[in-house]
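Dear colleague,

I am passing on the structure below, and I would be glad if you kept it open while you read the notes that follow.

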There are 2 protein chains.
Amino acid sequence: MTQEKYMKVALAQAKKAYEQNEVPIGAVLVIDGKIVARGYNSRNKSHDATAHAEVNAIRKACKKLGDWRLENSTLYVTLEPCPMCFGACLNARVDKVVYGAKETGSQTPNVLNGVNHKMEVVGGVLQDECADLLKSYFKSKRT
Amino acid sequence: MTQEKYMKVALAQAKKAYEQNEVPIGAVLVIDGKIVARGYNSRNKSHDATAHAEVNAIRKACKKLGDWRLENSTLYVTLEPCPMCFGACLNARVDKVVYGAKETGSQTPNVLNGVNHKMEVVGGVLQDECADLLKSYFKSKRT
C-alpha cells in the first residue's frame with residue numbers, strides 16, 4: 001500500500017505536466033518515509049533535454065539536502081525510466097526505483113547490467129493509471 | 001586534427017574543474033564547427049549528482065539554442081561518459097560523441113545497445129593528456 005501511496009503523489013505530478021502540455025510523467029523522491037522532492041517532465045517548457053521528471057526530482061532533492069548522495073532513498077516514477085534517468089539514479093546513489101507503466105523497448109536490463117551500485121527496481125505499481133494518463137495525452141495530440 | 005582541437009577545449013574545462021577541487025572532466029558541444037557550450041564537472045560544488053561535464057554542457061546548449069534537440073551536434077568530453085551522460089546525449093539527439101580517456105568498467109556497449117537514435121561514438125582522442133589529468137587529481141587526493 002505504501003508504494004501505491006507514493007505512486008499517487010507521482011501521478012499528481014504527471015498530471016501537472018499534462019496540464020502544461022508536456023508528456024505526463026511524474027516522480028517523487030522519498031527518504032525514510034518522507035517526501036524530499038517532487039518533479040515532473042518539463043522538457044518543452046524549459047527547452048532542456050535533461051529535464052525529465054526523475055532528473056528534476058533528483059536535482060531538487062540534492063539541492064534541498066545539500067548533498068549529491070541521496071542515501072536510503074526510493075524514487076517513484078510513473079513510467080519506466082530511460083537510460084539517462086536510471087543513470088542519474090545510480091549517480092545519486094538511489095537505493096530503489098519503483099515505476100508504474102512499462103516503457104516499450106525498455107533499456108533497463110542493459111543499463112543496469114554490470115554497474116557497481118546495486119539498485120533495486122520494481123515495476124508495475126499503479127500501472128494502468130500511469131499508462132492511461134500517457135495514452136490520453138498522446139491521443140489528444142493526434143486529434 | 002579537428003577532433004584534437006576541440007578536445008583541447010574540453011581539457012581546458014577539465015582543468016577548471018581540477019582547480020575547483022572537482023574530478024577533472026570537461027566537455028564542449030559543437031554544431032557546424034562552432035562551439036555552442038562548454039561544461040565541466042561541478043558535482044561537489046553544486047551538490048548535484050547530475051552535474052557532470054556532459055550534462056552541464058548539454059543543458060547550457062539547450063538553454064542557448066532554446067531547443068532540447070541539439071541536432072547535428074558533436075559532444076567532446078575528456079572521459080568516456082557514464083550511462084546517465086550517454087543517455088543525456090541520446091535524449092538531446094546528439095549525433096556524435098568523441099571522448100578522450102577510457103573509463104574502467106565501461107558501460108558504453110550496454111547503454112547504446114538497442115536504442116533508436118543512432119549516435120556515433122569515437123574514443124581515445126588525446127587519451128594520454130585526458131587520463132594524466134585524472135591520474136594527477138586522484139594522486140593529489142591520496143597524499
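**Cysteines and the interface**

By the rule applied here, the count of disulfides over all chains comes to zero. Please bear in mind throughout that this is a predicted model.

Why is A:Cys130 without a bond to the closest cysteine sulfur? That closest sulfur belongs to A:Cys85 and lies 15 Å from the sulfur of A:Cys130, which is too far for a bond, given that a disulfide requires the two sulfur atoms to be within 2.5 Å. A:Cys130 also counts as buried, with a relative accessibility of 1%. In chain B, B:Cys130 is likewise in no disulfide, the nearest cysteine sulfur being that of B:Cys85, 15 Å away, and B:Cys130 counts as buried at 1% relative accessibility.

Turning to the two chains together, 28 residues of chain A are in contact with 28 residues of chain B, and between them the chains bury about 2300 Å², of which 56% is on carbon and sulfur atoms. On the side of chain A, the residues that lose the most area to chain B are A:His47, A:Arg59 and A:Trp68, which together make up 25% of what that side buries.

A:Arg59 also forms a salt bridge with B:Asp48, in which the closest N and O atoms are 2.9 Å apart. The rule finds two salt bridges across this interface, along with eight residue pairs in polar contact. Helix H2 (43-46), helix H3 (53-65), helix H4 (83-91) and helix H5 (108-112) of chain A each give two or more residues to the side that touches chain B, and by class that side has twelve nonpolar, eleven polar and five charged residues.

With best wishes

Conventions
Residues are numbered from 1 along each chain as its sequence is written. Chains are lettered from A and ligands numbered from 1 in the order in which they are written. This is a predicted model: local features need pLDDT of at least 70, side-chain atom pairs count only at pLDDT 80 or more; totals for chains, interfaces and linings use all residues. Side-chain values use heavy atoms; hydrogens and water are left out. Contact means heavy atoms within 4.5 Å. Buried area is the accessible area (1.4 Å probe) that two parts lose on being put together, summed over both. A salt bridge is a side-chain nitrogen of Lys or Arg within 4 Å of a carboxyl oxygen of Asp or Glu. A polar contact is a pair of N or O atoms within 3.5 Å; within protein, one must be able to donate a hydrogen and the other to accept it, and residues adjacent in sequence count only if both atoms are side-chain atoms. Helices (H or I, at least four residues) and strands (E, at least two) are DSSP runs, numbered from the N terminus. Ala, Val, Leu, Ile, Met, Phe, Trp, Tyr, Cys and Pro count as nonpolar, Asp, Glu, Lys and Arg as charged, and the others, Gly among them, as polar. Buried means under 20% relative accessible area, exposed over 50%, partly exposed in between (1.4 Å probe, protein chains only).
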